[in-house]
Structures are given as C-alpha cells and as structure tokens.
Amino acid sequence: LPRPGETPAHIGGTTLFGDNVEDEWFIVYLVREITREFPGLAARIDDNDGEFLLIEAADFLPKWLNPENSENRVFFYKGELHIIPLLETPEQDCDLSAPCPTIPQALALLSTRSEEFLAAEPIRAAVNKRIDGYPEKMQASLHRARCFLPAGIVAVLRQRPSLVAAAVQAFYLRDPGDLRACRRPFSTFPAEQRVMALVTFTRCLYAQLVQQKFVPDRRSGYTLPSPSHPQYRAYELGMKLAHGFEILCSKSSKVAPDAKRNVLSGPLWERFLRSLKEKDYFKGEMEGSAKYQELLHMAEDHFQQSVAVPESSVEVSPGDEILTLLKTTSIDLKEFEREAACLPPEDDDSWLDITPDALDQMLKETRNESLPSTNEEEQKYDLETVAESMKAFVSKVSSHEGAEMPWSSDESHVTFDVDSFTNALDRILGADSEELDSDDLDEEEEFDFSDGDDEDLDARNQRQGQKVSPEELVGSLKSYMNEMDRELAQTNVGKSFTTQKRGASSFEAATPESAGRDSGAEDAELAPVDVDVNLVANLLESYSAQAGLAGPTSNILQSMGVYLPENTDHTGSSSRATQ
C-alpha cells in the first residue's frame, strides 16, 4: 500500500491518435466502460489541449472552472463523469485561487463523497453524446478498398492488419529524406510481383491516402495506368501504400542498427547507472576520462546481457516488425492471384464528397440546433426578435476572455447599481487637486488663464470639496449628453440615424424658418433615435455584405437561435427594413 500522500499504484498510457479524433473518443468510451466494470477504479484522461472533456462541455461549465484550476478535478468514476469543486471556506463560497488537488487528495474525496461530485446533467450529456453508439459505431468508421499491392505487403497485412496505419502515416508525413529510399528500385517491395487485394482502412486513413497527389519516381518501377483505366484507383492506392511500407523498412533498426542506443536511453538504464554511482563503481574517476569510459562500457555490456528488459517488452518499430514478418511468413503468389479473382466489392467512397447543405446539417447537429424551415410560409422572421437578441447580447458580461451569450430570453435584465456608477464617476471626474501630479501642474502653467477662468476654477474647486449627491451627478451628466446630442444633430452623423419622428424632424430641418425657432424646433430635431430600427437596418446591411458567407452578424445571431432570410434581391433590403 502507498504511504499517505503518495500516488497509489496505477496504469497509464499514451496514444498518438493523429488526425482521427474519433480514435480519441473511442478511448474515452473504453475508459468510461472500464470504470463501470470495475467500480473501485477512478480514471482521468487529457490530451495536448488539456482537459478536452471540459472543452466538449464548455457551454455548461460552472463559472469558477477554468484551465488554471481544472487539473486533477475531472474523473470517470463508476462509469460517470465527476468534477471535484473548489473547497468552500467560512469566509466565502469558494476560493478561486486555491491550488489544484493532488491525485491522493482527489481520490480520497471521490471514494468518500462521490455523489456530491457527480457532474451536472448537461455536462455529462455533452460528453456522452460524443461516445454514444460505441462499440457498434466502429464498423461505420471503416472503409474497404481494392489496392494493387506487392505480394509481400499482402502477406504482412494478413498477419498484422493494423500496420496499414503506420504505412499510411509514413507516406502522408513523408519528407524529402524519406523519399530517398523510393528513388531507386524498391529493395523490400519490388513492383514486379503485385496482386489485387482488399485492404481495410479507417475512413481517416483512406481519406489521407486518396486526397494526396503523388507522382512516383520512374526508377522505383511503379507506373500508373491512364486515369480512365477502370482499376486506376486501385493502382494508385497500391502505389502510395507500397511507398509507405518501403519508407518504414528503410528506417528499420535492422537496416540502420540503433537498438543498443534505444536500450541505453530508457529510465531502467538511468536507474541502473545511478545505483552504480551511489555504490562508487567508478572509484572516483572523473567523468569522461579513459578509465571512466572503460568502466562505463563494461556496465553497458553487462546491462544489455543480463539487466535489460526482455525483447518481447521492448517497443518494436513498425519497420522491424514488417521485416520480421517477411522472414517468418510464406508468400504464395499463386494463391493470392486466385483470391484476387473473386474479391468482394469495395465500399462506396461517396462520403468523401460533402455538399454545402450536408456541411450545414453537420454543424447544426454538432451545436444541437434544428435547421430553420425551408418553407417560406413557415418562416416567420420577426425583426423585433433580432433587435431584442442583440440587446440581450450587448447587456451580457464581456472581458478579454470573451463574451457571454444570452442563451435564454427569460433571463432577468442587468441591474444598474447607482452607487457603483457614481463612485466610478467620482474617480474619473471628481479628483481632488492634491491628486494631480507634477506634469499636470506644469501643463497648467504653460497657459495664460483669464480671470474668468480662474474664478470658474475656484468655484469648481469649492464644489469638489462639497459632497455631490448621485442625483446631481447624473443630472449633470445628462446635461452634457444633451448638449452633445444638439451638436451632433446638425452633422452627417446625427442625420444618418432614424428617429421616432423622422418625418417631422426632416421637414423642420428643411424649412428656412426653423433656424430662428426656439426650443420647439430643438425638440423636433432632438427626437429620440429609434434604436430598434437603426439596429435592424445596420444588421441587415452587414448581413447583406456577407454575400452568403460566414460573418459577424450571422455568427452572433445564429448562436442565439435567430436566423435571417437569404437576401434574394441583393439591393434595398436595409432601406425597406427601415420603412
């Protein structure tokens, strides 16, 4: 048993899933089922993005949970997702700066209070949605295709079908150095003895192999028929796969031996070497000296002969495995040719072609949204809904980390704290003279203030010494805003807005007598701006400028469940909306 505070015995592993994210979620399914089958086990899983389970359920996470404090908090336990919350203190609900729990602490909490830490239903539903359908869904991710391959590769794939993944990756991620082995007749898989075979790929591997354009070197011996040839796809796939297998074999340690270096670079050798130093094996010799190197070589030989792990437990490179299988597997070319004559049909690869409508459908399903009706009679576009949605979006909290989305129209409006607002204005506008720094004083001395300005300044300073009520401060601010509105009303900016009495204000502004009128004319000119009409008009103009592509207007509105109709006339849409 581990001592208190130590991590208990456990099993761990790392998987390189590459571009196939479904492989990663299949591992999540396996981990969940293992904890369900063995209730005493707890498991956590992450990837190079961190806690990707939380990323999948990001829309439903509590506000306190962020990447900085999520380590060692997310576990599968008894087949369900658990999230260990922040520890509560008497002074406050939770301490956001609290350190992440250690593994022993997290396991202790799970074993005693697991019911309290069960993740919320929306979070569990978001994760379970990604792994629903397994293990049956694995068959749907496979693709069988005919390939014209060297007989040696056919024999190897019969023994180890999984090696097709290593070969595809070797071809897909090749570099100029890898192709050096392919600029001459292939030494391991020559092109002379090729047969037709049915190879099983994952859809990701098949797409990687098909979508890459590649012309083989003439010296390799691999030539392709005309693209109109009925078996052109099989020849092309076989050629690419053969290049991948040849690249793997060219990197084999049997071709370029480095097995000794691999054995002497593991943690077992490091512990062995550390124990030798602790026991004074090198007898005080300086590291790098001739005597030290002699003793080191003796230790390396002894380690390889008697201390090194068995060969069966050492990770074998794909190239080594392929060459070993070629030596131990018999290749019956005649048998392969007979089987090629009665191969089952290959799978249809029309799934490679995705139409724009199908892509939209996939995106909607991913975001758990329903597509808007295609029937024009059923489409009821309410412009008031557009305006209210944008108001709700603007009212939400935003920061450098992003903006909150108004998921529900039933949420309460943002409250306005008058005291906090006036205190903020005091800090901005009501600073005492003692708070002015020397630079501000120097700038004042550069100007020649008149007596009237001095009197105004004295009066202002006297008012600053008095307590200003919030009502007076807000009223003063409103007067400033009214003055600004009067000035802007006569400019192009002011005239660009639609007001609630646009017809009257436009008429008044057009008559010569309006210049000499008193407050009545000013009131007409300062008619309230119709915020909703201006908002919708600008949104429609921006949406029309997107020309059917993704853009800020459609992205924001669709995230709130609001869909705008397509612009069928391309002209005058915004002007008609304002009428």
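This passage describes the nonpolar cores, one helix pair and some backbone features of a predicted model. Local features were considered at a pLDDT of at least 70 and side-chain atom pairs only at pLDDT 80 or more, whereas totals for chains, interfaces and linings use all residues. Residues are numbered from 1 along each chain as its sequence is written, and side-chain values use heavy atoms, with hydrogens and water left out.

The largest nonpolar core, a core being a set of buried Ala, Val, Leu, Ile, Met, Phe, Trp, Tyr and Cys residues joined through side-chain atoms within 4.5 Å, has 42 residues. Buried here stands for under 20% relative accessible area, exposed for over 50% and partly exposed for values in between (1.4 Å probe, protein chains only). Within this core, Leu149, Val199, Phe201, Leu241, Phe245 and Ile322 touch the most other members. Two or more residues each come from β4 (142–150), α6, α7 (163–172), β5 (194–202), α8 (203–211), α9 (232–250) and α13 (318–328), where helices (H or I, at least four residues) and strands (E, at least two) are DSSP runs numbered from the N terminus. The most is given by α9, with eight residues. Leu241 is in contact (heavy atoms within 4.5 Å) with Leu149, Ile153, Val164, Ala167, Val168, Val199, Phe201 and Leu209, not counting residues up to four places away in sequence. Another core, of 23 residues, lies apart from it and includes Trp25, Ala43, Phe52 and Tyr134.

Helix α6 (residues 151–159) also meets helix α14 (residues 333–340): their axes come within 11 Å and cross at roughly 80 degrees. Such axes are lines fitted to C-alpha atoms, for helices over the stretch in contact, with angles running from 0 to 180 degrees between N-to-C directions. The two helices, α6 and α14, are therefore roughly perpendicular to each other, a term that covers 65 to 115 degrees. On the α6 side the contact involves Ala151, Val154, Ala155 and Arg158, and on the α14 side Leu333, Phe336 and Glu339.

Most residues other than glycine have a negative phi, and most peptide bonds are trans. The peptide bond from Tyr134 to Pro135, however, is cis, with omega near 5 degrees, and Pro135 is placed in the loop between α4 (121–131) and α5 (137–140). Lys78, although not a glycine, has a positive phi of about 55 degrees; Lys78 lies in the loop between β2 (74–77) and β3 (80–83) and is partly exposed, with a relative accessible area of 44%. Lys283 likewise has a positive phi of about 55 degrees, lies in the loop between α11 (267–278) and α12 (290–307), and is exposed, with a relative accessible area of 65%.

How values were computed:
Parallel < 35°, antiparallel > 145°, perpendicular 65-115°, else oblique.
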